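Dear colleague,

I am handing over the structure we spoke about, and I would be glad if you could look through it alongside the notes that follow.

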Amino acid sequence: MAGLGSENDQKKTARSHGPHFDMNPQTPVLRISQLDALELDSALEQLVWTQFSLCFQNCRPGFLTPLEPELRVLLHLLLWRFTLYSNSATVGQSLLSLRYHSKFSLSPRYRPLSPRQKLGLAVLTAGPRWLQERSHRLLPYLGLSSQGSVSERESGLLHQGLRNGLTLVAGIVKFTNLINFLVFLRNGRHPILAERITGAQTVFSKPNAAREVNYKYMNRELLWHGFAEFLIFLFPLINTKKLKATILSAVFGEKSASGEGAREGQELWKECGLCGEWPTMPHTVGCQHVFCYYCVKSHSIADPYLTCPKCGAEAGQPKLVKLEVEMTDR
């Protein structure tokens, strides 16, 4: 009976942990996978904050700024409650088939994080960020002001000492994070200091699953990016105006072109070939069409290979048109 009861307890424990009970925590996890999971989690937090801030876009500017650190911590804890606390895995880890394993467990099999470890991981992740953003406002709330029994000089020295202490602590924390990251690059475990302190180790959730790398999407993206860069390089070299004039001449033939030339000859001095208005200080560029001086000058400066938009002729040096005005008496 005792053996049967022990076997039933083991089956219940296996069912409670699900298919992850037989995972081997000793299977090494790629460093890039752990870093990608952290980047995905950071991107998710930023996305949630962006959507949350859009709810207050119609309020006055800076409405959320005074409480932004606290709101970010609240959103972080909200994500922690429905991801890490429930499944022992963050969203980024779930996407990469990873999850946390309790390193403090003596069993060689997989053991999820305890509630205390999960809470400690959340506090050590969100707490330092909030403390860093609010450290400049903590001094007045600690009673370190010039009022009361403490003199103004002593209060100033106390302020300065506490600020130097906070700066020193922040520097030590950053240096410790750097050392932890170098150790992570060495042994491939605990990319952030909070995981090392709480004993949370990243392991595969499906170690026996086939991990196939498909390069079809990457090849397609590289192909289209290369094609887009080629078009960006090619388009400025094409004289589109001249090409358009050549195509129109080839499609409509010489007859329509001559008819259009005769019509334009009659209205030669009535409109600018660029702006379509009555030409101001009319100039020519080597063809029979007339342009405003400012139009042709500005276009020639912007485009050294300027062509006439009417006939496609290459634009030369602008020359002033001499008009003979005949005055008649009525």
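Please keep in mind that this is a predicted model. I begin with the lining of the second largest cavity, whose residues divide into eight nonpolar, one polar and no charged. The residues in question are L274, V285, F291, V296, L306, T307, C308, P309 and A315, and the volume they enclose is about 30 Å³.

In total, the structure holds two cavities of 30 Å³ or more, and the largest of them has a volume of about 40 Å³. Its lining is made up of Q34, A37, L38, Q93, Y100, P191, E195 and T202, a set that divides into four nonpolar, three polar and one charged. Helix α2, which covers residues 31-54, gives the most to this lining, with three residues.

The other part of the model that I looked at is a pair of strands. Strand β1, at residues 98-102, is mostly covered, since five of its five residues are buried. It is joined by five bridges to strand β2, residues 200-204, and the two strands run antiparallel. Within this pairing, R99 stands opposite V203 in β2. As a general point, the side chains of a regular strand alternate between the two faces of the sheet, which may be useful to have in mind when you view the pair on screen.

When you return to the largest cavity, you will find Y100 and T202 listed among its lining residues, and they are a convenient place from which to start looking.

With best wishes

Conventions:
Residues are numbered from 1 along each chain as its sequence is written. This is a predicted model: local features need pLDDT of at least 70, side-chain atom pairs count only at pLDDT 80 or more; totals for chains, interfaces and linings use all residues. Side-chain values use heavy atoms; hydrogens and water are left out. Buried means under 20% relative accessible area, exposed over 50%, partly exposed in between (1.4 Å probe, protein chains only). Helices (H or I, at least four residues) and strands (E, at least two) are DSSP runs, numbered from the N terminus. Two strands pair if DSSP finds at least two bridges between them. On a 1 Å grid over the protein atoms alone, a cavity is a set of points where a 1.4 Å probe fits but cannot get out, and a pocket is an open set with protein on both sides within 12 Å along at least five of seven lines; lining residues have an atom within 4 Å of a point. Grid points are joined across faces, edges and corners, and a volume is the space filled by probe spheres set on the points. Ala, Val, Leu, Ile, Met, Phe, Trp, Tyr, Cys and Pro count as nonpolar, Asp, Glu, Lys and Arg as charged, and the others, Gly among them, as polar.
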